[in-house]
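Here's a walk through a protein fold, taken one piece at a time. Have the viewer open and follow along.

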Amino acid sequence: QLQLVESGGALVQPGGSLTLSCVLSGVSFNNYALGWFRQAPGKEREGVSCISYSGAATDYADSMPGRFTISRDNAKNTVTLQMHSLTAQDTAIYYCAAREIYCSQYVWAYNYWGQGTQVTVSS
């Protein structure tokens with residue numbers, strides 16, 4: 001059974017940085033695209049970034065390029081999200097999700113989800 005576990009969420013000051021990690025287990029890591037999503041209080045879940053099964057293709061939401069970077073380490077079955085210049089608008093529960101091979105921007109396209117990790121940006 002495929003499982004995803006996120007970690008790295010924390011309280012961080014505005015302008016700060018944070019790195020989130022997600023570990024996949026139960027299946028071959030190389031066959032899955034990994035996406036990051038987030039959900040703020042009172043808002044719908046939205047896509048943040050995604051990396052394809054090979055790592056050759058990445059995708060970011062419009063507000064993310066230059067601030068967020070997604071990467072994967074197949075040897076460790078891990079995908080990471082490096083976040084910089086954080087603002088209060090980045091406060092949310094961050095989820096990693098998996099689907100076979102290719103990225104999608106849509107929540108419904110992902111078959112597997114982690115439990116989420118809380119990121120709070122506040123002074």
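Is Arg 38 buried or exposed? Keep in mind that what you're looking at is a predicted model. Arg 38 has a relative accessibility of 7%, so it counts as buried, the cut-off being under 20%. We'll come back to its partners once the overall layout is clear.

Start with the fold as a whole. There are 11 strands and 0 helices in the protein, so if you trace the chain from the N terminus, you read β-β-β-β-β-β-β-β-β-β-β. The C-alpha trace spans about 40 × 25 × 25 Å along its principal axes. A compact globule of 123 residues would have a radius of gyration near 14 Å, and the protein's 13 Å agrees with that.

How much of the protein is buried? Buried residues account for 41% of the 123. The accessible surface adds up to about 6,400 Å², and carbon and sulfur atoms contribute 47% of it. Contacts tell you how the chain folds back on itself: of those with a separation of 6 or more, 58% join residues 24 or more positions apart.

One such meeting of distant positions involves Trp 36, which sits in strand E4. Trp 36 has a relative accessibility of 0%, so it counts as buried. Its C-alpha atom is 7.8 Å from that of Leu 81, although the two residues are 45 positions apart along the chain.

Now for the charges. The protein carries 7 positive and 8 negative side chains, and the centres of these two sets lie 3 Å apart. Side chains of opposite charge can pair when their charged atoms come close. How many salt bridges does a search of the whole structure find? The search turns up 3.

Arg 38 takes us into them. It pairs with Glu 46 in a salt bridge, with 2.7 Å between the closest N and O atoms. The two partners sit in different surroundings: Glu 46 has 30% relative accessibility and therefore counts as partly exposed, while Arg 38, at 7%, is buried.

Arg 38 also makes a salt bridge to Asp 90, where the closest N and O atoms are 2.8 Å apart. Arg 38 belongs to strand E4 (residues 32–39), whereas Asp 90 is in the loop between strand E8 (78–83) and strand E9 (92–100), so this pair ties together parts that are 52 residues apart in sequence. Both of these residues, Arg 38 and Asp 90, are buried.

Asp 90 has another partner as well: its side chain meets that of Arg 67 in a salt bridge, at 2.9 Å from N to O. This pair also links distant parts of the chain, with Asp 90 in the loop between E8 and E9 and Arg 67, 23 residues away, in the loop between strand E6 (58–60) and strand E7 (68–73). Asp 90 and Arg 67 are both buried. Put the pairs together and you get a network of salt bridges linking Arg 38, Glu 46, Arg 67 and Asp 90.

Finally, take a look at the backbone in two loops. Asn 77 is not a glycine, yet it has a positive phi of about 55 degrees. You'll find Asn 77 in the loop between E7 and E8, and its relative accessible area of 25% makes it partly exposed. Ser 85 is another residue other than glycine with a positive phi, in this case near 50 degrees. Ser 85 lies in the loop between E8 and E9, and with a relative accessible area of 44% it is partly exposed.

Note on methods:
Residues are numbered from 1 along each chain as its sequence is written. This is a predicted model: local features need pLDDT of at least 70, side-chain atom pairs count only at pLDDT 80 or more; totals for chains, interfaces and linings use all residues. Side-chain values use heavy atoms; hydrogens and water are left out. Helices (H or I, at least four residues) and strands (E, at least two) are DSSP runs, numbered from the N terminus. The radius of gyration is taken over C-alpha atoms; the globule rule is 2.2 Å times the number of residues to the power 0.38. Buried means under 20% relative accessible area, exposed over 50%, partly exposed in between (1.4 Å probe, protein chains only). Contact means heavy atoms within 4.5 Å. Accessible areas come from the Shrake-Rupley method with a 1.4 Å probe; for residues, only the protein chains shown count as cover. Lys and Arg count as positive and Asp and Glu as negative; His and the chain ends are not counted. The place of a charge is taken as NZ of Lys, CZ of Arg, CG of Asp or CD of Glu. A salt bridge is a side-chain nitrogen of Lys or Arg within 4 Å of a carboxyl oxygen of Asp or Glu.
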